[in-house]
Amino acid sequence: MQRFPFLLWTLLFCLYFSTCIARQEPWVMRISCGARVNVHTAPTSTLWYKDFAYTGGIPANATRPRYISPPLKTLRYFPLSSGPNNCYNINRVPKGHYAVRVFFGVEGNLNSDNEPLFDISIEGTQIYSLKSGWINHDDQAFTEALVFLTDGTASICFHSTGHGDPAILSIEILQVEDRAYYFGPAWAQGIILRTAARLSCGNGKPKFDVDYRGDRWGGDRFWSPIQTFGQGSDLARSTESGIKKASNAPNFYPEALYQTALVSTDTKQDLAYTMDVEPNRNYSIWLHFAEIDSSVTAAGQRVFDILINGDVTFEEVDIVKMSGDRYTALVLNTTVAVNGRTLTIGLHPKKGSHAIINAIEVFEILISESKTLLEEVRGLQSLKSALSLPLRFGWNGDPCVPQEHPWNGADCHFDKTSSKWFIDGLSLNNQGLRGFLPYDISKLHHLQNINLSDNSIQGAVPPSIGTIPGLVALDLSYNSFNGSIPESLGQLTSLRRLNLNGNSLSGRVPAALGGRLLHGASFNFTDNAGLCGIPGLRTCGPHFSAGEKIGIAFGTSVGFLLMVICSMCWWKRRQNILRVQQIAERGAPYAKARTQLSHDIQMTRHYNHGNARTAAENGPSLLS
């Protein structure tokens, strides 16, 4: 019986140990933009994969804008000739929650005149716009957001704004816990948290989680150092003592984060930090505390209120009481709506004369944009390929989102019922397009207007256009279309304007289209020498349906084939006869003699027969 507790504890230890050993590592992807080979960077020998998954752009040597930027030597920039929208589309990304971080670069000399300004979107949602002067600030050398990736891909796009070419140094996709930074009922997979600020108070050096030896599931966060909130307003504190409850799931903060802090002074007992923010937005604020001041030894000795933009958010915060002990981590989170352009976090002492804080995180809460219907995206991609659309169009990413950067030539409409975007118009006239119209254009089944006039598009008009039910206007004029007008166009009951003039079309205009002219529709078929069948065009000859044309062609082919076979049979028989005659002529002499003898006998018999007949007629002969 005494061995049972020992065996139980041994079993529990083994289960715990095996669970720890079997813990899955987070999925990580780091790309060194512009690199032709994989790169390892010091001092942690971090692996960066060579450049891939980009839609365009040009690789170049990189200028590192800030010390915190990864020590990489290349970048990829996107000149306007590559189009206004360029992306990295990374496939085979496991479904999960990720920290996505993009470091910016500078191509050429590092100065304000060469500073590119552009917008960044993740999964169709614009998360950041670079601001003038970003090359002078560590926390503006990159952008970072927490986002759920659920469809196996990660789409990270860069949108030109007319001030320099977007230039990207690196991209990181780092998996975090699914419930990391859960902030309440409003938190969901459709929410993106963009990092607005992440401060390590009382610390003098910028650090990543890896520098703190943090857990890899933390997402390798970057912590900006802040040694004071204002001249003479606070003092830095630090400790080498261990901190309990720091690296707990789901956020896995590094223990060293809580070993430094800022403490208010006797002359200025309140602590206050103010930062610039985007107005009319919601922000998730995470405040980190640990009582590391040796002068505070028990609960009740330091109590303070926390105010956000002057409003009390947390009352009578007692770190020792709320965390359970000294040198123990405490994290407080709140969500606030900010109408102005500044966010101020204040700490006001209630008991004791000083307030303390170890770290601050501020996230802008973004609602993910609804995407375009997948079938319609595929239809546009098929059209892009078939028409060899020039790069300057920038048809990359999602056609309709972010709403600030839709695709040129594609008109978007939002369907409130499905909460999806769809395409209701194509305006690509006079763009120098070549190629052909693909059958998959019918996937754009919400189209109302198509204008592809004044291009050099060839081939037939695809019958599938006749399956787009709401099509009102179709303009294919002044191209190089050939063949006949599809009968299916007559099924478009909503069609009111049809311009097919200036092509090489032939055959009879479908009767259904001709009849529509009597009801106010505007159709133009001129400058097609082969068209016939309606007023204004030439009169058609005998008209056969497509099936009849196929039958006639088939019958003609079969008849011709039979003639060829009969001719070959006759020729073969003739050859056989000639061959037999040739063999007979080359026969032995006795054969010729026998042939001659037979001929003589036949002639004799013929002669005797004639004489006998004469005798019989004349009576018996008289013998002497």
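Visitor: What makes strand 20 and strand 23 partners?

Guide: Six bridges join strand 20 to strand 23, and the two run antiparallel. Two strands pair if DSSP finds at least two bridges between them, so six bridges meet the cut-off. One example: valine 303 has lysine 351 in strand 23 as its bridge partner. By the way, this is a predicted model, where local features need pLDDT of at least 70, side-chain atom pairs count only at pLDDT 80 or more, and totals for chains, interfaces and linings use all residues. Residues are numbered from 1 along each chain as its sequence is written, and side-chain values use heavy atoms, with hydrogens and water left out.

Visitor: Which strands make up the sheet with strand 20 and strand 23, and why do some count as edges?

Guide: The order is 18-23-20-21, an open sheet of four strands with antiparallel pairing. Strand 18 and strand 21 (311-317) each have a single partner strand, so one side of each lacks a neighbour in the sheet. From one strand to the next the twist averages 15°, with axes taken as lines fitted to C-alpha atoms (for helices over the stretch in contact) and angles running from 0 to 180 degrees between N-to-C directions. Strand 18 (residues 271-276) pairs with strand 23 (residues 342-351) in the antiparallel sense over six bridges, and there threonine 274 stands opposite threonine 344. Strand 18 also has a covered face of Leu271, Tyr273 and Met275, while Ala272, Thr274 and Asp276 are on the uncovered one.

Visitor: How do you know what counts as a strand, and how many does the chain have?

Guide: Strands (E, at least two residues) and helices (H or I, at least four) are DSSP runs, numbered from the N terminus. Counted like that, the chain has 35 strands and six helices.

Visitor: Why is the pair of phenylalanine 289 and phenylalanine 304 given the label it has?

Guide: Rings of Phe, Tyr and Trp (its six-membered ring) pair if their centres lie within 6.5 Å; planes under 30 degrees apart count as stacked, over 60 as edge-to-face and the rest as tilted. These two rings have centres 5.7 Å apart and planes at 50°, so the pair is tilted. Phenylalanine 289 is in strand 19 (residues 281-289) and phenylalanine 304 in strand 20 (residues 303-308), so the pair ties together parts 15 residues apart in sequence. Both phenylalanine 289 and phenylalanine 304 are buried (under 20% relative accessible area; exposed is over 50%, partly exposed in between, with a 1.4 Å probe and protein chains only).

Visitor: And what label fits tryptophan 395 with tryptophan 407, stacked or edge-to-face?

Guide: Their ring centres are 5.0 Å apart with planes at 20°, so the pair is stacked. Both tryptophan 395 and tryptophan 407 are buried too. By the ring rule, the count comes to 23 aromatic pairs. Ring pairs also link a cluster including Tyr54, Phe78 and Trp134.

Visitor: How do you know where arginine 76 lies relative to tyrosine 54?

Guide: A charge sits over a ring if NZ of Lys or CZ of Arg is within 6 Å of the ring centre and within 35 degrees of the ring normal. Arginine 76 lies over the face of tyrosine 54, at 3.5 Å from the ring centre. The charged end of arginine 30 is 5.9 Å from the ring centre of tryptophan 48, so that distance passes as well, and arginine 30 sits over the ring.

Visitor: How much of the chain is buried?

Guide: Buried residues make up 44% of the 624 residues.
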